[in-house]
Structures are given as structure tokens and as C-alpha cells.
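User: Please take a close look at the largest pocket and what it holds. I am new to this structure, so give each term its cut-offs.

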Amino acid sequence: MRSVPRHLVSIADLDATEIVRILDHGDRYWALGHEPIKKLTSLRGRTVINLFFENSTRTRTSFELAAKRLSAEAINISSSGASISKGETLLDTADNLEAMAPDVIVVRHSFGGAAAMLAGHVSCAVINAGDGQHEHPTQALLDAATIRRMKGKPAAGGGSPSLEGLEVAIVGDIAHSRVARSNILCLAKLGVQIRLVAPLTLIPRGIELIGGEVTRERVRVVNRLEDGLEGVDVVMMLRIQHERFEGEAPRFPNTRELSRTFGLSERTLGFAKPDAIVMHPGPINRGVELAPSVADGPRAVILQQVSWGVAIRMAVLERAVIGFDGADKAVAA
Ligand code: CP
């Protein structure tokens, strides 16, 4: 009998213990990324289908690399080359893919809810690679891994490093950002204090409550950049998601004005702690949300985030297919 698939649709489905377990397994694969031979065999003979209905550079490539580094077969499908462009529904597409017996479908779609819809329909594991404005859980996990590496406090007795008490500012287009939603849920569960920094029009009303009590206690909305950055350990910048504004009334007068008031420059970074790190999920719009000198400066860890993406997605794929106990056995063998 097939075991219950370990979907990853939302950070809301993970508790802090499971998040830490994924990060700990990601640590193992981070080290592998620095070895000359980057191949393990734990998913040999398994099949991962990357089903991407929206553009992607980082997420799709890193899922493909992660699958290949675990010796799984990885197949990429994008909407432009798929029969969805001929009118096939998402569920019909899923049925047809499932008939080829994959172990995992990784899905990105503009519909917030697409990953949950597939997870309720197919019998293989489904991993959400970004669904509309809803969530991007593996991005939040790789962001947490990056923060833990750069800012984590060593645990007494040699346990997993802790993020408890760190201050993180998430700045920019919170309203349209699945990255922000997943990060709010993930970081709050790990004990981080979160400031959401944007004009009121780019912050959904009630966002502090998306994770219930845990986010109510840890999330604060700030509408002035300098106040939002004051004394933080981490600045996470977000792109304006112009592609999700269609049909909406303008939320700010123009991009230049938003950039001037909420863009991160060397001057405004000065409000954060002197050793604060700068993060961005990518793609960056240079000179809009982030000055090039900051994006390329010594405090930016944006490319480390990308490297962590492979390591964390290896951990997530293993969890989905063989579980962490299976992964531990594979390492021991
Ligand atoms: N961060 C992120 O999701 O990037 P891509 O859109 O390139 O996958």
C-alpha cells in the first residue's frame, strides 16, 4: 500500500518542530553543494514532475537540480508547451501526469489554491512552488535557512540554532506577495519578531492574524521605512508584483515615488543594525526596491538564498517521497 503523500502546500501545515527538521536536513545538503561530486542516491528511480504555469528561474532550476542531486528523474513542463494552452483543465492535466506514475508533482500556478486543489486530487505528493498571492512555502524555508546560517543563535547543548527574538523587516509589496505570507507564517513559528513595512495600500487589512495567535503576537505593521528598519537584524525586500495589479485601482502614485519612499539605499539601510543582512527572493528590480550598491554590497545574502534553495528543496523532496526517517537510513547505508 502506498504511504500517505507528504504534500507541502502551505507553511500553515507545518509546526515549528517540522520546520526545524527540514532546515536541519537542508544543512546537510548545503554542505553537499560545496563538494566536487554533488550526487546522492536516496531518490534513485523516483520521478519528479515540475509543472510550471508561471515563469520561474530560481525555483524551477533548483527543484530540478535538487531532484537530480538525489538521483531522481526530473521532468519540466511549462504552460507554453503544455496542452493547457489548448484548453485542458488543471485537473485533467494532473490526471494525465498521474497516469505516468510520478512520485512528486511540483506546481506553480497563478491561482492561489492550485496546489491544494492538486493535493486533494492526485495520489502522489504535491509541492507548492508558488500559487498566486497565496503561498511560496519552499521560499520561506530557504529564507529561514539563510537567516539561521547568518544570524542563528547556537543552542545550548549543541541542538539546532535558534531564530528566537530576531527582528526581521519585510518591505514592499506585501499585498501581492506569496513570499511575504509564507515568511510571516514560518518566521513567526520560529519565534522571530516581524515588521511589515509598506504604505497602507500595500498591506492587506488583518494580515497580522493570518497565523492566528502566533502571528498576532509577533507581527507589527509599520508605514514608514525608517521606523520599520530601526534596529532590525534582517531586511527582506520585495519586488512590486506588477503582474498581479491587473484591474485594480492604483495603490501608489507611481513606481518612482514608491521607490523613493520605500526603496532600500545605503542611507536607509543605515537604520538597521550595523551587521544586518539584506535579503530578496528575486527577481530584483535594480534601482526600484533595491539600490544596486546594496544589492551587490557586502551585506546582501541574495545569492546565498539561491544556493540554500537547492539544499532546502532536496530536503523537501526527500520528506515528500521517503520521509526523513527514510532519508536518515539512506545516509547511514
Ligand atoms: N523567488 C522565486 O520564486 O524566484 P523565481 O520566480 O525565479 O522562481
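Analyst:
**The largest pocket**

The largest pocket has a volume of about 410 Å³, where a volume is the space filled by probe spheres set on grid points joined across faces, edges and corners. A pocket here is an open set of points on a 1 Å grid over the protein atoms alone, where a 1.4 Å probe fits, with protein on both sides within 12 Å along at least five of seven lines; lining residues have an atom within 4 Å of a point. Of its 20 lining residues, Arg108, Arg178, Arg239, Gly282 and Pro283 are the closest to the centre. Two elements, α2 (58-69) and α6 (178-189), give two or more residues to this lining; such helices are DSSP runs of H or I, at least four residues, numbered from the N terminus.

This is a predicted model, in which local features need pLDDT of at least 70 and side-chain atom pairs count only at pLDDT 80 or more, while totals for chains, interfaces and linings use all residues. Residues are numbered from 1 along each chain as its sequence is written, and side-chain values use heavy atoms, without hydrogens and water.

The ligand sits in the largest pocket, meaning that more than half of its atoms lie within 2 Å of the pocket's grid points. Among the residues around the ligand (a heavy atom within 4 Å) are Ser56, His136 and Pro281. Polar contacts are pairs of N or O atoms within 3.5 Å. A polar backbone atom of threonine 57 is 2.8 Å from a ligand oxygen, and a polar side-chain atom of arginine 108 is 2.9 Å from a ligand oxygen.

Notes. Polar contact = N/O pair within 3.5 Å; in protein donor to acceptor, adjacent residues only side chain to side chain.
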